[in-house]
Amino acid sequence: IYINMSEEKKSTSNVDIKNQELFSNISSVDFLNFEFASKLYSDQIEESISKTGKFCAVQVEIKKLLDTEVVWMTHDFSFMGGSLGCAEGEKLTKGFEFAMEHNMPVIVECRSGGARMQEGTLALMQLAKVTVAVEALKRRKIPFISICKDPTYGGVSASYAMQGDIRIALTGARIGFAGPNVILNTVFKMDQAAYDADCPRGFQSAEFLQKHGQIDIV
């Protein structure tokens with residue numbers, strides 16, 4: 001499988017590009033009336049919808065892969081960094097449930113900064129919600145492949161991105177929970193020497209993670 005880095009020009013060998021989108025009416029909502037730095041979350045949602053033509057950062061589609069129909073779910077990084085909010089968690093969960101109902105394998109392309117801070121703890125709850133759906137799929141013995149693109153961080157990497165039966169990553173993809181700058185600032189209190197001593201060079205790269213058993217294929 002080859003995944004193009006461009007969301008708009010995404011292509012896969014042996015994948016039928018004619019697809020059926022599911023749950024396209026599920027939309028991000030500013031239920032907390034969140035505002036940060038004089039920026040309303042509701043305005044951010046409207047801007048993202050206008051820019052992408054999509055109602056949230058995750059799309060769920062039925063595609064054909066080598067004559068096998070699969071549920072293919074994708075994070076759109078151009079929609080608020082592909083972040084995981086309630087709408088995204090709902091679509092992912094429904095995608096896994098649809099796969100179980102129709103006995104279809106699941107592929108999830110992950111490209112995200114993590115849980116969406118504008119939705120508070122409810123965004124964090126999506127980790128558990130989707131994880132339960134993944135576990136239900138596994139109990140049905142239906143295959144699940146996760147594809148980690150650049151970047152795959154935060155709550156996405158801490159849940160379903162690492163739950164795949166097969167975990168594939170793009171060459172050079174950054175995968176982890178917190179980014180290097182956050183780790184340097186919080187854990188090491190901006191002590192670069194201590195950070196360099198404890199954190200191997202490229203420790204969040206796809207290649208490093210494959211070498212240490214967290215990623216199966218790069």
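**Strand pairing, helix 2 and two contrasting side chains**

Ser-112 stands opposite Thr-152 in strand 7. The model is a predicted one. Strand 6, residues 106-112, runs parallel to strand 7, and six bridges join the two. Strand 7 itself covers residues 144-152. Nine of its nine residues are buried, leaving the strand mostly covered.

Strand 7 also pairs with strand 8, which spans residues 166-169. Four bridges join strands 7 and 8, and these strands run parallel. One pairing in this set involves Ser-146, whose bridge partner in strand 8 is Arg-167. Strand 7 is thus paired with strand 6 and with strand 8. The connection between strands 6 and 7 includes helix 3, residues 120-139. Together, strand 6, helix 3 and strand 7 make a right-handed β-α-β unit.

Helix 2 comprises 17 residues, from 86 to 102. At 1.5 Å a residue, helix 2 should span 24 Å. Its end C-alpha atoms are 24 Å apart, so the expected span and the model agree. Several positions of helix 2 are buried, including the glycines Gly-89 and Gly-95 and the aromatic residues Phe-96 and Phe-98. Charged residues are also among the buried ones, namely Glu-88 and Lys-91. The remaining buried residues of helix 2 are Ala-87, Leu-92, Thr-93, Ala-99 and Met-100. Asn-103 follows helix 2 and has a positive phi, near 55°.

Ser-50 belongs to helix 1, residues 41-52. Ser-50 counts as exposed because its relative accessibility is 63%, above the 50% cut-off. Ser-50 and Phe-79 lie 29 residues apart along the chain. Their C-alpha atoms are separated by 9.8 Å.

Gln-204 sits in the loop between helix 6 (192-198) and helix 7 (206-211). Gln-204 has a relative accessible area of 8%. The limit for a buried residue is 20%, so Gln-204 is buried. The side chain of Gln-204 makes a polar contact of 2.8 Å with that of Tyr-153. Beyond its neighbours within four places in sequence, Gln-204 is in contact with Tyr-153 and with residues from Ala-173 onward: Arg-174, Ile-175, Gly-176, Phe-177, Ala-178, Gly-179 and Pro-180. Ile-183 and Leu-209 are also in contact with Gln-204.

Note on methods: Residues are numbered from 1 along each chain as its sequence is written. This is a predicted model: local features need pLDDT of at least 70, side-chain atom pairs count only at pLDDT 80 or more; totals for chains, interfaces and linings use all residues. Side-chain values use heavy atoms; hydrogens and water are left out. The expected span of a helix is 1.5 Å times one less than its number of residues. Buried means under 20% relative accessible area, exposed over 50%, partly exposed in between (1.4 Å probe, protein chains only). A polar contact is a pair of N or O atoms within 3.5 Å; within protein, one must be able to donate a hydrogen and the other to accept it, and residues adjacent in sequence count only if both atoms are side-chain atoms. Contact means heavy atoms within 4.5 Å. Two strands pair if DSSP finds at least two bridges between them. A crossover is right-handed if, with the strands pointing away from the viewer, the path from the first strand over the helix to the second runs clockwise.
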